[in-house]
Amino acid sequence: MIEALLEGLVLVLQWKALGFMMLGVLLGFWVGLLPGLGGATTLALMLPFIYTMQPVEAFAFLLGMHSVTATTGDITSVLFGVPGEASSAATILDGHAMAKKGEAGRALGAALASSLVGALIGALALAAAVPVVRPLVLTFGSPELFMLAIVGLAFIASLSSHGGRGMLRGFLAGALGLFFATVGQDPQAGVARYTFDTLYLWQGLDLVPVLVGIFAIPEILELVARGTSIAGQLPAGKLTRGAFEGVKDTFRHFWLTIRCSLIGTFIGIMPGLGGSVAQWMAYGHAAQSAKTLEERKGFGAGDVRGVLGPGAANNSKEGGSLIPTIAFGVPGSTAMAILLGGFVLLGIVPGPDMLSKYLTLTYSMVWTIVIANVVTVIICFAFLDQLARLTTVRGGVLVPLILVLVFIGSYTSNNHYGDLIVTLVFGAVGYFMVLAGWPRAPFVLGLVLGKIAENYLYISVARYEMAWLTRPVVLALVGIAIAVILYPLYQARRRSAHA
Amino acid sequence: MHRNASLGLAIAVMLLAGYGIFAASSWPAKAALFPLAIGIPLFALAAAEALWTLFGAPPARQALSDLEPTAEPAAQRRIAIAAGWIFAFFAAVVLLGFPIAIPLFLFLYLKLQGGEGWALSIGITVVVSAVFYGLFEALLHLPFQAGWLFSWLGFG
Amino acid sequence: MKLKLALLACAALPLAAAAQTNLSGKTVTIVVGYKPGGGYDAAARMLARHLPNHIPGKPTVIVQNMPGGNSIIAANHVYNVAKPDGLTIGTFNRNLPIAQLTRVQGVKFDMTKFQWIGSAANESTILAIRNDLPYKSFEDLRTAKEPVVIGSTGPGANTHDFPLLLKDLLGAKLKIVSGYSSSSDIMLAIERKEVDGRAGSLTSIQPFIDRNLVRPIIRARSVEPGIEKLPEDESLAPNPRAKAIMALRSAPEVVARPYVLPPATPADVVSMYREAFAATIKDPALVAESKKAKFDLEYTSGDEALKVMKDVLSQPKDIVDEFSKYIKFGE
C-alpha cells in the first residue's frame, strides 16, 4: 500500500500530469468564484477533452478543477454575500458579516485555511478509507440514510437562536423549507405537487436560484439602504485583521476545524445525501461550540468559527464523495456522476478493481486533491488582501455588478426565466425573514433534506415495513438526533446557571 | 419593525400552509403523506409565532444573521428604490434579453443611481459586458433568449 | 415613415435568406432537453464534435441545454419557437410520444409533425436480478414464494414501468420500491441486499452484469448483442391487450436518441441532415469515441422514427386508457 501511495505521487508529479492539473486549477478557480458556472456543469463540458489523455493526466485535470471550486466558492460568499457554489452558502452567514465589519481579509484567510485543512482531511480519508469503506457504505441502507437526514434536520436546533422563541422560529423556518421541498413530481404516485400547471416546477425548486435569492438579494437591498461600501460599519474606512489572522484562527480552533472536516467527509461518503448538507451541519456544530450566551449570539454576526466550520466541511466532502464513486461506482453527487462518466471514457470500471488493479491511480487522485488545494491556497493568499479591499469599494459601483452576477448565477441553473422568478420570490422571502428575525439556515437545511427524507422513508417502509426501526444503526442515529436537539437546551441551562 | 414583519410573515406562512394542506387533501395517499405531515405542523408553528407576536412580550433581538433593520424612512425609501431597480433589471432581461439588458442596466444604474461619472460608467459597462459576452456567450454558448419585445415585434 | 419601412425591410432580410443546405459560416445549435452530464447531453455533445465534417459548409455545431418538464420545455421550444432555417436541432426524452398520447398538461407539440432526422441509438430495457438469488428465469419470478424486491426511481422511468407491467400483466411476483434518486443508487441497494434487482437500459446495467453482480432475466422488444436469447416480454403476453400495452411501452426504445427539426423546415434541409447524421454515425472517429464511452450509436432513419411516432399516437382509445392506468409520464 505504501508503495502504491508513493507511486501515485510520482505519477502525479510528471510534467504532463502537473500541467493538466494546473490548467484544471486555473479553470476551477474561476468556476468556483463565479456563481452561474457550476462545478458539475463545467465538469460535463470538460469531459470530452479527456478522450486522448492518459488516466492519471485526465483525473489530474478533472479533479484539479473540481476540488478547487469548493475553496474559491467561499471567496464570493465572504466578499459579496453571493454563494459562488451551492456548497458555499453557509460561509455567507458569518463570513460576509465579518466583511461588513471590515474583517474581510481575516474571513478570507480563515475560509482558505480551513478549506485546505478540510481538503487534506478528505484526501486522507480517501487514501485510508478506500480499502475499508465497503462494509461501512453497505451498512448504511435506506433506513439509516433516512435517520441521517433526521439527524441533519435535528441540527436546526443548533442553527436556531437561543431560547424557546428562537427554537420556534428555527423549526418554523425548517418546516417551511421542508414544505418547499415537496414541490415537483413525487416519485411514488407521479402527482405534480404544487406546480401550478407550470412545466418549470415539475422537477422541483433548484437549489442555486433559491440560495442566491434568499442570501444575496437581502444583502444587496441592505447595501443600497446603507449607501456605503460593504465594510461600511468601519469608522475610519481602514481594513483591519488581514488574512494571516484568519490562518491563525484556524489553528486557534484547530480541533473544531478537524471535527467539521470529519463531518464533511462522513456526509460525503454517504451517497444520496447530496453535497449541500455538510456545510450546514458543520455550521450547526460550530455554533454549538460557543461557551457562553454572548458567544452564541455572536454567530451570524461575524464569529470566525462560523467560517471555519463550513469552510472545512465543504472541502472535505469532496474527498469523501470520491469514496463511493471509486469504490462502488455509485456517485455521491452530480459532479461525481459526471466524473464517473470520465472513468467509463477511459475504460476503467470503478469498483473493487480500483482498490487492487488501479490502486496507484486511486492514490494519484488523492495526491491531486492535496496538491491542487495547496497550490490554490498559496495563489489565493498572494492577493487575498487585495481582494479584501473590494469591500471598501463604493456600494454604488458594486451593487450593479453583484446584481448581474446574481442574475446570471441564477439563470444558468435551468436556462429558464423561471430561475429568475424563483430568485426574486425567495429574495423577498429572505428579506422579510431577516426583518422578522427568522433564521434562514434552517430553511435551507429543510429544503435540502426534504426530498431525501421523504424518499428514504418510503423506501424503508415499503421494503421493511416497520422492522427497520429496530436496526442497530438506526437506533444509534435516533440517539444522536435526540442528543443534537437536546444539547443546545442543556447548554442554555448551563449558561444561565453560571450567569 | 421586527414584530410587524414577523407577524406578517407568520400569517403569510399560515396561508401558504393552509393552501398546501387543502391542495394535498385531494391527492392519492402516497403523494399527500409528506405534504400533510409537514403542512399541518407548519401551520401550527406559524400560528404559534403569530400568537406569540401578538400577545407575548417583545422578544429579545436574536436574529441569527445580522441585518440591522434600518427603520428610518430614508433607509426604507432607499430599499424601495433598490427593489425597484432589481425588478427593472428583471423586466429588462425578459423584454430585451440578457445581452442588451446587462449593459443597459449597468450603465443606467451607475449613472443615475450611483451618480458616477461618464468615464467610469461607460468603462465598467464595456468591460463587464465584454467579459459576459466572451465567457458566457462565445465560450460557453449558454442560451440567452432574445427578449419578448423582439418576438412581439417580429424580430425574434 | 421611411425609417419604418427601412426597419421592416431589415427585419425581412433574415427571412429572405432562409433555410439553405450549405451552412458555411453558420452555427448550428442542438437543443438538449436535459442538463449537462446525462446520457442525452453526452450523446449530443459527441455528435456535435463530429457533425461539422459531414454537413456541407462545415458549420460550427454547439449544444445548448434547456432542461425542465422532463424535456417537454425543450420540445415545445423547438416545435413552436425555433426558426425553421435548419440551424436548430432538438433532442429530448424518448418517451415524449407517451406524454403526448396520455395528454400530459403542458405538451405543446405533435411528435408526428416534427421533421425527423432520426435516432442516434437504440436502447434495450432488461430486468436484472442479483446473481446470488435462486431465480434464474422468468418462470421462477412467477412462481417465487416471496416477492422479489425491485428498486425504481419513480413512475415514468423504465426502472419503474417495465417491472410494473411484468408484475401486473404477466404475473411476476415483484414488489416495486420507488424513490431511489438514480439508477446507480439502486445498484448500491442491490449490493446491500436491500433490493433484489432492477430494470433499466442494457447499457447502464452491462458493467454490473460483467462484474457478476446481476444477471438479466427478461427483455423488452429492442434487441442488442448479448441479450438475444432472453425471453421477450410481449411474447409471454396472455392476451392481445396486454401485448399491445407492452408494445406501446417499448415503442420509443427504437427511437432512443431522437433528433428533430422544427415542423416547417424545408425538405431539402431535412434530407441533408438525414444524410449528415447517417454519415456521422458511421464516421470511424466517432465510432472509436463511442466505443470508448460504451455508447452504442446506431442510426435509425427519420422515416422509421416517424412511423413509430404515428404508430404510438394512433392507438385506439381503450388501449390508451388501459395503458394510462399503469404508466404515467415521468423521466
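Select helix H4 (residues 55-80) and helix H18 (residues 359-382) of chain A: their axes come within 8 Å and cross at roughly 45°. Helices here are DSSP runs of H or I, at least four residues, and strands are runs of E, at least two, numbered from the N terminus. Axes are lines fitted to C-alpha atoms, over the stretch in contact for helices, with angles from 0 to 180 degrees between N-to-C directions.

This is a predicted model: local features need pLDDT of at least 70, side-chain atom pairs need 80 or more, and totals for chains, interfaces and linings use all residues. Residues count from 1 along each chain as its sequence is written, while chains are lettered from A and ligands numbered from 1 in written order.

Stay on the pair. H4(A) and H18(A) are oblique to each other, a class left over once under 35 degrees is roughly parallel, over 145 roughly antiparallel and 65 to 115 roughly perpendicular. Their crossing is right-handed: the near helix is turned clockwise from the far one by less than a right angle.

Now show side chains. On H4(A), the residues that meet H18(A) include Pro55(A), Phe59(A), Leu63(A) and Val68(A). On H18(A), pick Leu361(A), Met365(A), Ile369(A) and Val377(A), among others. Contact means C-beta atoms, placed from the backbone, within 7 Å. By class, this contact has eleven nonpolar, seven polar and no charged residues. Ala, Val, Leu, Ile, Met, Phe, Trp, Tyr, Cys and Pro count as nonpolar; Asp, Glu, Lys and Arg as charged; the others, Gly among them, as polar.

Next, add chain B. Here 58 residues of chain A are in contact with 58 residues of chain B. Colour H10 (163-181), H11 (207-226) and H22 (441-464) of chain A, which are among the helices that each supply at least two residues to this side. H10(A) gives the most, eleven residues. The side of chain A that touches chain B divides into 38 nonpolar, twelve polar and eight charged residues.

Swap chain B for chain C. This contact takes 41 residues from chain C and 41 from chain A. On chain C, select helix H7 (183-191) and strand S7 (174-178), among the elements giving two or more residues. H7(C) gives the most, with five. The side of chain C that touches chain A has 14 nonpolar, 15 polar and twelve charged residues.

Finish with chain C alone. Chain C has 13 helices and eleven strands. Its C-alpha trace spans about 85 × 45 × 30 Å along the principal axes.

Technical notes
Two residues are in contact if their C-beta atoms, placed from the backbone, lie within 7 Å.
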